[in-house]
Amino acid sequence: MVLCFSEESITISDLIEYLFCPRFTYFIHCLRIPQREERLIKVQKGRALHKSKEKTNLGYPRKRYGVTDKLTGIYLCSKNHRIRGIMDEVLFLDDGSVAPLDYKFAKYCNHVFKTHKYQSALYGLMITEHFNRPVNRGYLCYSRSGNKIVEIPFNEKLFQQAKDIITNIFFIIQREEFPETTGNKKRCIDCCYRRICPH
Ligand code: SF4
């Protein structure tokens with residue numbers, strides 16, 4: 001289901017790459033150097049999971065989470081926030097609110113990674129723009145932990161942090177300025193840009 005299209009927007013994948021290392025944004029968008037194939041394998045596995053879930057997860061435990069209806073595999077873009085992406089599920093809840101649900105091809109390790117939190121918050125912002133209903137939480141489903149569902153409470157601080165990240169990504173793309181690293185040297189070890197990046 002396609003609700004709109006914008007060429008002046010970035011994708012949720014851009015967000016994930018930026019959070020791994022802001023230099024990914026520079027290499028991909030400013031220098032047009034794509035990532036190596038092997039780094040995309042995990043992403044491809046995740047996509048395959050999404051496709052299978054669209055077909056097989058119709059028995060979602062709706063009652064437990066107050067789900068009255070849902071949309072699956074929905075493409076949204078936000079003109080206000082300049083971001084676009086495909087949402088695994090948009091849940092309509094019995095308290096009148098709407099929530100994104102995102103499948104993760106991962107185990108749940110007793111905490112939610114910031115990347116997943118910001119991703120869910122951006123889905124929340126896109127839902128707000130399109131459905132004009134309260135959006136106060138998101139859900140993650142961890143496929144490698146027995147489809148464990150974890151709730152992410154949304155608040156203004158989280159929404160603002162997510163919006164600031166979008167601003168930073170556009171800042172790099174438009175000004176073509178080589179950004180600082182995250183400072184996490186471990187990420188450089190297997191990085192596909194390590195041969196050309198002065199890390
Ligand atoms: S080598 Fe390190 S600093 Fe450079 S892009 Fe990769 S992760 Fe970032």
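Two strands pair if DSSP finds at least two bridges between them. Helices (H or I, at least four residues) and strands (E, at least two) are DSSP runs, numbered from the N terminus. The model is predicted: local features need pLDDT of at least 70, side-chain atom pairs count only at pLDDT 80 or more, and totals for chains, interfaces and linings use all residues. Residues are numbered from 1 along each chain as its sequence is written.

**Exercise 1. Strand E3 and its partners**

Task: State how strand E3 pairs with E1, E2 and E4, and whether E3 is enclosed or not.

Solution.
Step 1. Strand E2 (residues 67-78) pairs with E3 in the antiparallel sense over 10 bridges. One residue pair to find is leucine 76, whose bridge partner in E3 is glycine 85.
Step 2. E2 and E3 form a hairpin with four residues between them. In this turn, arginine 82 has a positive phi of about 60 degrees.
Step 3. E3 and E4 are antiparallel as well, with four bridges. Glutamate 89 has leucine 101 in E4 as its bridge partner.
Step 4. Four residues also lie between E3 and E4, which form a hairpin; glycine 96 in that turn has a positive phi of about 90 degrees.
Step 5. Strand E1 (residues 10-11) runs parallel to E3, joined by two bridges. Threonine 11 has arginine 84 as its bridge partner in E3.
Step 6. A residue is buried if 20 or more other C-beta atoms, placed from the backbone, lie within 10 Å of its own. Nine of the 11 residues of E3 (residues 83-93) are buried, so the strand is largely enclosed by the rest of the structure.

**Exercise 2. The surroundings of proline 100**

Task: Find the strand that holds proline 100, and name the residues that proline 100 touches.

Solution.
Step 1. Proline 100 lies in strand E4 (residues 98-104).
Step 2. Proline 100 is buried because 28 other C-beta atoms lie within 10 Å.
Step 3. Contact means C-beta atoms, placed from the backbone, within 7 Å. Not counting residues up to four places away in sequence, proline 100 touches Met87, Val90, Ser120, Tyr123, Gly124, Ile127 and Gly138.
Step 4. Threonine 72 is 28 residues from proline 100 in sequence, and their C-alpha atoms are 10.0 Å apart in space.

**Exercise 3. The ligand shell**

Task: Which residues are around the ligand?

Solution.
Step 1. A residue counts as near if its C-beta atom, placed from the backbone, lies within 6 Å of the molecule. The residues around the ligand are Cys21, Arg23, Phe24, Thr181, Arg187, Cys188, Cys191, Tyr193, Arg194, Cys197 and His199.
Step 2. Helix H2 (22-30) and helix H6 (186-189) are the elements that give two or more residues to this shell.

Notes
Buried ≥ 20, exposed ≤ 12 C-beta atoms within 10 Å, placed from the backbone. Contact = placed C-beta atoms within 7 Å.
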